[in-house]
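Subject: Structure for you to look at

Hi,

Here is the structure I promised to pass on. Open it in your viewer and keep it beside this email while you read.

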Amino acid sequence: ISSPNAVCFSAALCACSTSPGACLDAIELIRKMRAAGIFVDPVSLGHAVMACSKDGQWQDSLDLIETYGVKPVGFLSSDDSKPTIPVASMNAIIAACGRNGQ
């Protein structure tokens with residue numbers, strides 16, 4: 001593909017979320033999305049978080065959340081401008097933290 005769009009990136013990130021050892025690939029895809037000026041939507045970010053969490057990279061997952069300023073769905077905040085992230089992604093981070101004694 002000569003110029004990938006949001007759908008291409010999202011599909012690749014979805015594949016990362018189910019592939020062992022794909023955390024760094026997912027982070028790189030998110031970085032490339034931003035560099036291309038493509039909006040990093042909550043679902044794509046959620047796939048990256050899932051990829052890192054499944055690899056036990058809880059810190060990378062938390063860094064993604066912090067960098068993009070997202071909040072979990074249903075999270076009460078005075079800042080409604082922040083996008084939400086799927087609950088399953090937040091659960092994956094919590095599980096990764098637990099597996100790593102955090």
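Which residues in α2 and α3 meet each other? From α2, they are C23, A26, I27, I30 and M33, and their partners in α3 are S44, L45, A48, A51 and C52. Before you go hunting for them, bear in mind that this is a predicted model.

**The overall layout**

The protein has 5 helices and 2 strands. If you start at the N terminus and walk along, the order of elements is α-α-α-α-β-β-α. Of its 102 residues, 36% are buried. Now take the contacts with a separation of 6 or more: 56% of them are between residues 24 or more positions apart.

**Back to α2 and α3**

Helix α2 covers residues 23-35 and helix α3 covers residues 42-54. Their axes are 8 Å apart, and the two helices pack at an angle of about 155°. An angle over 145° counts as roughly antiparallel, so that is how α2 sits relative to α3. The crossing of α2 and α3 is left-handed.

**L13, a residue to click on**

Next, go to helix α1 (residues 6-17), where you'll find L13. Is L13 buried or exposed? Its relative accessibility is 0%, so L13 counts as buried. What does L13 touch, once you ignore neighbours within four places in sequence? The list is A26, L29, I30, M33, S44, H47 and A48. Some of those names should ring a bell: A26, I30 and M33 of α2 and S44 and A48 of α3 also take part in the contact between those two helices. As for H47, it is 34 residues from L13 along the chain, yet the C-alpha atoms of the two are separated by 5.5 Å.

**V49, another one**

V49 is in helix α3. With a relative accessible area of 0%, V49 is buried too. Again leaving out neighbours within four places in sequence, V49 is in contact with S61, L64, I65, I85, S89 and I93. If you want a distance to try in your viewer, the C-alpha atoms of V49 and C16 are separated by 9.8 Å, and these two residues are 33 apart along the chain.

**α4 and α5**

Here's another helix pair. Helix α4 (residues 58-68) and α5 cross at roughly 145°, and their axes come within 9 Å. This crossing is left-handed. On the α4 side the contact is made by W58, S61, L62 and I65, and on the α5 side by M90, I93, A96 and C97.

**A closer look at α5**

How far apart should the ends of α5 be? The helix has 13 residues (87-99), and at 1.5 Å a residue they should span 18 Å. The end C-alpha atoms are indeed 18 Å apart, so the model agrees with the estimate.

The buried residues of α5 are S89, A92, I93, A96 and C97. Look down the helix axis and you'll see that they fall within an arc of 135°, so they line one face of the helix. The spacing makes sense too, because an α-helix has 3.6 residues a turn and residues three or four places apart point the same way. On the other side of α5, I94, G98 and R99 are exposed. Finally, just after α5, G101 takes a positive phi of about 65°.

Have fun clicking around!

Cheers

Conventions: Residues are numbered from 1 along each chain as its sequence is written. This is a predicted model: local features need pLDDT of at least 70, side-chain atom pairs count only at pLDDT 80 or more; totals for chains, interfaces and linings use all residues. Side-chain values use heavy atoms; hydrogens and water are left out. Helices (H or I, at least four residues) and strands (E, at least two) are DSSP runs, numbered from the N terminus. The expected span of a helix is 1.5 Å times one less than its number of residues. Buried means under 20% relative accessible area, exposed over 50%, partly exposed in between (1.4 Å probe, protein chains only). The arc is that of the directions from the helix axis to the C-beta atoms. Axes are lines fitted to C-alpha atoms, for helices over the stretch in contact, and angles run from 0 to 180 degrees between N-to-C directions. Angles under 35 degrees count as roughly parallel, over 145 as roughly antiparallel, 65 to 115 as roughly perpendicular and the rest as oblique. A crossing is left-handed if the near helix is turned anticlockwise from the far one by less than a right angle, and right-handed if clockwise. Contact means heavy atoms within 4.5 Å.
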